[in-house]
Protein chains: 2
Amino acid sequence: MSVIFSKKCEYGLQAILYLASRNEKEYFSAREIARDLKIPKEFISKILQSLVNFGIVGSKKGKNGGFYLAKNPNKIRLIDVVEAIDGLDAFTTCILGFPDCSSDVPCPVHSEWGKLRTMAFDMLSSETIDQFTEKTLRKLNQL
Amino acid sequence: MSVIFSKKCEYGLQAILYLASRNEKEYFSAREIARDLKIPKEFISKILQSLVNFGIVGSKKGKNGGFYLAKNPNKIRLIDVVEAIDGLDAFTTCILGFPDCSSDVPCPVHSEWGKLRTMAFDMLSSETIDQFTEKTLRKLNQL
DNA sequence: ATTAAATCAGACAAAAATATCTTATTATAT
DNA sequence: ATATAATAAGATATTTTTGTCTGATTTAAT
């Protein structure tokens with residue numbers, strides 16, 4: 001299957017957008033995030049833990065604890081989340097998997113795809129989470 | 001890991017480009033394709049078989065047999081190969097995996113990413129294999 | 001005719017991604 | 001103090017993807 005983000009990364013982005021779009025509480029537990037986004041609880045829990053290690057998300061243990069954004073949403077870029085979860089290999093390695101593809105000895109589709117990939121990277125790099133919070137809220141209300 | 005094409009699809013595209021760029025023989029065996037492209041023989045064999053079923057590649061059994069392009073390279077679009085191997089789901093399903101994402105109830109990044117994905121789709125749809133044969137030949141000579 | 005070399009089909013194996021379970025630790029509410 | 005509910009960490013299980021093996025059939029060269 002062709003795919004752009006791994007499931008982990010999809011879920012991570014969803015969770016980040018979820019956290020950013022709700023400010024009625026300080027902490028959101030993995031349980032409620034999982035319920036609302038229909039993601040396995042233990043899985044999203046693991047993903048959030050790794051985002052905690054990257055400093056994007058914060059957590060509080062114990063009863064009534066949970067997760068929260070550790071940074072201002074206007075300081076979190078989509079690419080940061082992608083990098084934390086999936087890494088940036090997809091933006092640097094050869095799109096066709098030719099082992100020795102480089103700018104010097106490019107694979108046949110190198111330059112064409114390079115453009116597209118650069119666009120994707122730039123888009124992810126320029127767009128911050130806060131730009132999507134309204135839209136996310138609207139979306140969550142529909143679920 | 002974020003990724004655009006599956007390994008199968010990468011290998012399939014590589015093999016198609018390989019076939020299109022060489023015309024010194026009529027048939028190329030899975031063995032030599034695998035050797036030159038450094039792909040496991042049985043794996044590329046399976047992939048080529050599925051491309052045969054889609055009518056993109058033809059095959060001849062028996063000694064000195066092998067695979068060949070069943071169509072003129074200027075009639076084979078990159079998207080055809082992708083579709084045959086990975087399907088087109090990546091171009092239609094929600095990029096963030098929101099289960100109920102649609103144009104009516106779009107996910108937060110729907111329209112932004114929609115543009116990019118449409119571009120990718122258009123690029124793959126407009127580009128045919130013959131446009132890359134020279135480049136592929138150059139690439140293969142370097143291996 | 002026989003042998004060698006190829007595709008084809010299907011079963012099997014290994015690795016990676018996704019998902020679940022279990023236990024420990026922490027913090028709040030009662 | 002105790003019970004409850006949360007994160008954290010690590011082991012385990014399942015599923016999907018990737019890769020391998022075996023045998024059948026086909027074709028050409030010898």
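The legends below walk through several close-up views of a predicted model.

In this predicted model, local features need pLDDT of at least 70 and side-chain atom pairs count only at pLDDT 80 or more, while totals for chains, interfaces and linings use all residues. Residues are numbered from 1 along each chain as its sequence is written, chains are lettered from A and ligands numbered from 1 in the order in which they are written, and side-chain values use heavy atoms, with hydrogens and water left out.

**View 1. Helix 1 and helix 2 of chain B cross at about 110 degrees.**
Helices here are DSSP runs of H or I with at least four residues, numbered from the N terminus. Helix 1 covers residues 7-21 of chain B and helix 2 covers residues 30-37 of chain B, and their axes lie 11 Å apart. The pair therefore counts as roughly perpendicular, a label for angles of 65 to 115 degrees. Axes are lines fitted to C-alpha atoms, for helices over the stretch in contact, and angles run from 0 to 180 degrees between N-to-C directions. On the helix 1 side, look for B:Q14, B:A15, B:Y18 and B:L19; they meet B:E32, B:I33, B:D36 and B:L37 in helix 2 of chain B. Contact means heavy atoms within 4.5 Å.

**View 2. Helix 1 of chain B also packs against helix 3 of chain B.**
Here the angle is about 75 degrees and the axes are 10 Å apart, so these two helices are roughly perpendicular. Helix 1 of chain B contributes B:K8, B:Y11, B:G12, B:A15 and B:I16 to the contact, and helix 3 of chain B contributes B:F43, B:I44, B:I47, B:L48 and B:L51.

**View 3. A salt bridge within helix 1 of chain B links B:E10 and B:K7.**
A salt bridge is a side-chain nitrogen of Lys or Arg within 4 Å of a carboxyl oxygen of Asp or Glu. In this one the N to O distance is 3.5 Å. The two residues are three apart in helix 1 of chain B, so about one helical turn separates them. B:E10 is buried, at 7% relative accessibility, whereas B:K7 is partly exposed, at 48%. Buried means under 20% relative accessible area, exposed over 50% and partly exposed in between, using a 1.4 Å probe and protein chains only.

**View 4. Further salt bridges appear in chain B, including B:R35 with B:D36 and B:R77 with B:D80.**
The closest N and O atoms of B:R35 and B:D36 are 2.7 Å apart. B:R35 is exposed at 51% relative accessibility, and B:D36 is partly exposed at 22%. For B:R77 and B:D80, the N to O distance is 2.9 Å. B:R77 is partly exposed, with a relative accessible area of 32%, while B:D80 is buried at 15%. Over in chain A, salt bridges that share partners join A:R22, A:E24, A:R35 and A:D36 into one network. Over all chains, the count comes to twelve salt bridges.

**View 5. Helix 4 of chain B is mostly covered.**
This helix spans residues 78-86, and eight of its nine residues are buried. The buried ones are B:L78, B:I79, B:D80, B:V81, B:V82, B:A84, B:I85 and B:D86. Their cover includes helix 5 of chain A, along with helix 1, helix 3 (41-53) and helix 5 (110-126) of chain B. Just after the helix comes B:G87, whose phi is positive, near 80 degrees.

**View 6. A:R117, in helix 5 of chain A, is buried yet has no salt bridge.**
The nearest side chain of opposite charge is B:E10, 8.4 Å away; Lys and Arg count as positive and Asp and Glu as negative, with His and the chain ends not counted. The side chain of A:R117 does reach the backbone oxygen of A:A90, at 3.1 Å. Leaving aside neighbours within four places in sequence, A:R117 is in contact with A:A90, A:F91, A:T92, A:T93, A:C94 and A:I95.

**View 7. A:S125 lies in helix 5 (residues 110-126) of chain A.**
A:S125 counts as buried, at 15% relative accessibility. Beyond its neighbours within four places in sequence, A:S125 is in contact with A:R77 and A:I79.

**View 8. A:R35 sits in helix 2 (residues 30-37) of chain A.**
A:R35 counts as exposed, at 51% relative accessibility. From A:R35 to A:C9 the separation is 26 residues in sequence and 18 Å in space, C-alpha to C-alpha.

Methods
A polar contact is a pair of N or O atoms within 3.5 Å; within protein, one must be able to donate a hydrogen and the other to accept it, and residues adjacent in sequence count only if both atoms are side-chain atoms. Angles under 35 degrees count as roughly parallel, over 145 as roughly antiparallel, 65 to 115 as roughly perpendicular and the rest as oblique.
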